[in-house]
Amino acid sequence: MRKILFVLSLLLTAPLAGCLDFSSEDEPPVVRILTYDITGFSDEMLSTFTNQTGFEIELVKADDAGGILEQLLQTQDAPQVDLAIGLDNTYLQTALDAELLQEHSTDVSGLSSAALEPYNGPFAVPFDRGDVCLNYDESRVDGENLSVPTSLWDLTEPEWDGLAAFPSPLTSSPGRAFMTATVDYFENDDNGTTDAFDWWEAMAENGAIFTSGWTEAYEIHYSGGYGEWVEGHIGDAAMTVSYCHSPGVEAYYSSNWTKSTSLTLPRATFHQVEYAAVVAGASEIDGANAFLAYLLSEDVNRNMPENNLMQSVLVDATWPETDGYAHHTDTPELNAEITTQRIGQDMDGWLSSWQDATQ
Amino acid sequence: MFRTLSERRSGLHPAQWALLLGVIALGVVPLTLAALRLQDVTETSMLGALRLFFEQNGAQEALRFSMVEAVASTVLTVVIGLPVAWAMGRYRWKRIRLQRTLLYLPFVTPPVVAAVGFLAMFSEGGWVHMIGLDFRSAQTNITKPSEWYTEGVHFGQFSALILAHTWFNISLMIRFVEPVVAQLDPSWEEQLRLLPGGQTTLRRFRTLWAPMLGPAVAVAATYTFFFSFTSFALVRWLTPGRHTLESLLADLGGSAGIEGYRTDTSLAVLSIAAVQMVLMLLMLWGAGRFERKHSHVLTLNDENSNRARRGPPPLRWIVGVGSVVALSMTPYVSVILASFRMRGDAGEGFRWTLAGWESAIAGDRSTISLVEAIGNSLTYAGITVLVALPLGYGVASALTTLRKRGHHKTAGVLDSLCMIPLSVSAVVVGLGIVVGMLRWYPDLFRFPYLPALPHIMLVLPFVIRLLVPAMERIDEIYAQQAQLLQLSPFRTWWHSKGAFLLPTMTMAASLCLAFSLGEFGASYLVVRVGSWDTLSILVDTVAGRPKFDPVVMPTAMALASMLMLITFIILGLNERLRTRGGTDDV
């Protein structure tokens, strides 16, 4: 009987073995990185870093940029990670205000001024960027069936009834970025009596489709993208929110073919920058800084467009010419000019106004 | 002293009491802590949150959608399932066990596999798409609020969801209705035909079939409604943009319970979870009432002789039941086919390729590989079995002892308390872990086996439910024999209990494994806030990625195929082990 009890106790306690720390001092130090599902972090890229620096990498996954912020907030008193990668400039200020990050020691002299424009402080470094804007299906918005909008108000016209899909700013980073752009757009238009939330209300009344995430808006509702080849596609929207380089990515993966293009109305686009930052209370600070330097290195960062489908933050970054990537990528005339401080300060109010306007 | 007193009064050793209370605490404590945390963060009581339900963004809409889809799913399940169950119970079928197994299979299929299977069936290249029903708006979209439903429900998506729920729940109809039909003495019907009340089919239905089958149909329908109402993975993938209360909770759960951040979300979660819990308890209460009525009906005739007397099924039933069985296999085939199918360059349709499998096996681009994901999932499943089985055994044994000693009421109350995780949904159990434990004790983020905890919470009630009746059936004479023979404690246990319980324990173990492998609702919340990947969650993660790269969807389908195959292998092994001695199964 004792033998049985012994075997049973072994079996039952075996799963707990992982909780006990039997690690020897010879084991390589581990840098724990909190990030979302960033496709650019391939096994090869991570193992090259380990070979070069001796630091092992452990990825802790969050759902998206919002998930990263939420996890940092809830573990503030007992930090679980060394680096946070993926907060963008619509979330960064909240993290800064809550003192979730600490100073890094990475050289940012090789970064473009555009990348450093939203934030150039010591607590976060940009690692990729892209312009969030409206994309439309050229086969439907051809001037005959639908005309190309010259103002966001055009989208409230009956011809656009039910034909635009927007990811919710409550749950989607591109959705949040675009909503922020609309704030600036309507603050600077000719009409001083209406604001962004009047427009959102008019859009809701005009049958705009609101989705919880970018994927749902782009793949299921948007008819101009790869969604039409994806399971579950509906294709009822001729316009959606994505990046100005999304048509370029479409072409890159489809042998230089796409029917999607971007609408770059002045101030209706948002320059989104994603950041990597050392977490306050991190235990492996050297490793975290080493990874930041590696992330900004020529070998890794220059390949962001192919590996992570975003633009590099290095100076003189260009989109690849392969298969029409650069050709189908548009550069915005004038991005929304709205500071990270203001975003941090006003975001809760905007989200609440957006909810009221679209409900 | 205490031990003697306890044993004398209840028949339970103090350690058994501790185990019982521990298991109850395992189910109750995380949920209570979560409720306290949410009340603390929102400064609103549970009751107050309940009253604020209709003010929460999207809650009213989600409640309405949950009701509409659950009613539609229940109706369709009864319409399709009842004739199948009736025919299967009425006649002498060849290979009825195989038919039954195939129709039960959907119920144990990982929900995420079913979701991508139905997606594939309804999309281009799928057989449903070929007969003209699909997700595309041009043919089937009904978007205008005045025409159908607030903000529009796409008919293609809605039909896919309802069919998927029917596919899942048809086994419930068979499980509850078939035995009643099979055990009903055929002479009753023959005699009834001679009486004025049984001259017509309608009259026979009113006098005989409705009272006999009614409770069984009601039980199956209530459970179908319950499972459809709390559907998550299928709603997430088949009707994106629509929410059940369960999927809304899953969406909001990640940011709930954080002090000073998105308090509105915490309030919404508290409010929605409270309303959902009340509704689920009502449903379970209803199901319990119907089940009691059903058990009164179930004292009938030997089904073997009944079937023999009624003979083989007519051709129309062979075709009808055979078609349902064959159609129920198509989501599986669709998943496998879709794993080899990749879109070509734009406008060039699709091509067959192994790229999805290669990508799944390599697991590059920030996800773990297929092999690692299988390893993780099997580890969590193994832990679930290792913990849930002994705990479930201990609790079942204690409850049986209490009942045998005449403490029926105490046993009933304790039994109900052990079932608490079942009366809340999987997502709420996940919330219990995230908000109730991780928010209070962030160090648990580093506990590598945390995802097994919600699985254990969710399977324990099933294990107890399986073992209690099996234990109650064992005649005490075997224990007395063992005592007389002065066998060793182990051999005494084996002779008086173990040998009889082995098939049930095997079944419980395999169900635990299968459930843990496919569990999605609780894992979705827990895994989303940590770095624990399971195969089930990996399917969802990969399928949710931007699909500019055409290999993404075949990769997700390959992962889903593997999850499906592993689940079936486990269930197949269980079936072999369970029936090795030659079980009599008509």
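Reader: What percentage of the 586 residues of chain B count as buried?

Author: This is a predicted model, in which local features need pLDDT of at least 70 and side-chain atom pairs count only at pLDDT 80 or more, while totals for chains, interfaces and linings use all residues. Residues are numbered from 1 along each chain as its sequence is written, and chains are lettered from A and ligands numbered from 1 in the order in which they are written. A residue is buried if 20 or more other C-beta atoms, placed from the backbone, lie within 10 Å of its own. By that criterion, the share of the 586 residues of chain B that count as buried is 50%.

Reader: Which helix gives the largest share of the largest nonpolar core?

Author: A nonpolar core is a set of buried Ala, Val, Leu, Ile, Met, Phe, Trp, Tyr and Cys residues joined through C-beta atoms within 7 Å. The largest one has 176 residues, and B:V177 is among the members that touch the most others. With helices taken as DSSP runs (H or I, at least four residues) numbered from the N terminus, the largest share of this core, 17 residues, comes from chain B helix α9 (residues 155-183).

Reader: How far apart do the C-alpha centres of domain 1 of chain A and domain 2 of chain A lie?

Author: The domain assignment, automatic or from a database, gives chain A domain 1 (30-129 + 272-321) and domain 2 (131-270 + 323-358). Between the C-alpha centres of domain 1 of chain A and domain 2 of chain A, the distance is 26 Å.

Terms used: Buried ≥ 20, exposed ≤ 12 C-beta atoms within 10 Å, placed from the backbone. Helix = DSSP H or I, 4+ residues; strand = E, 2+ residues; numbered from the N terminus.
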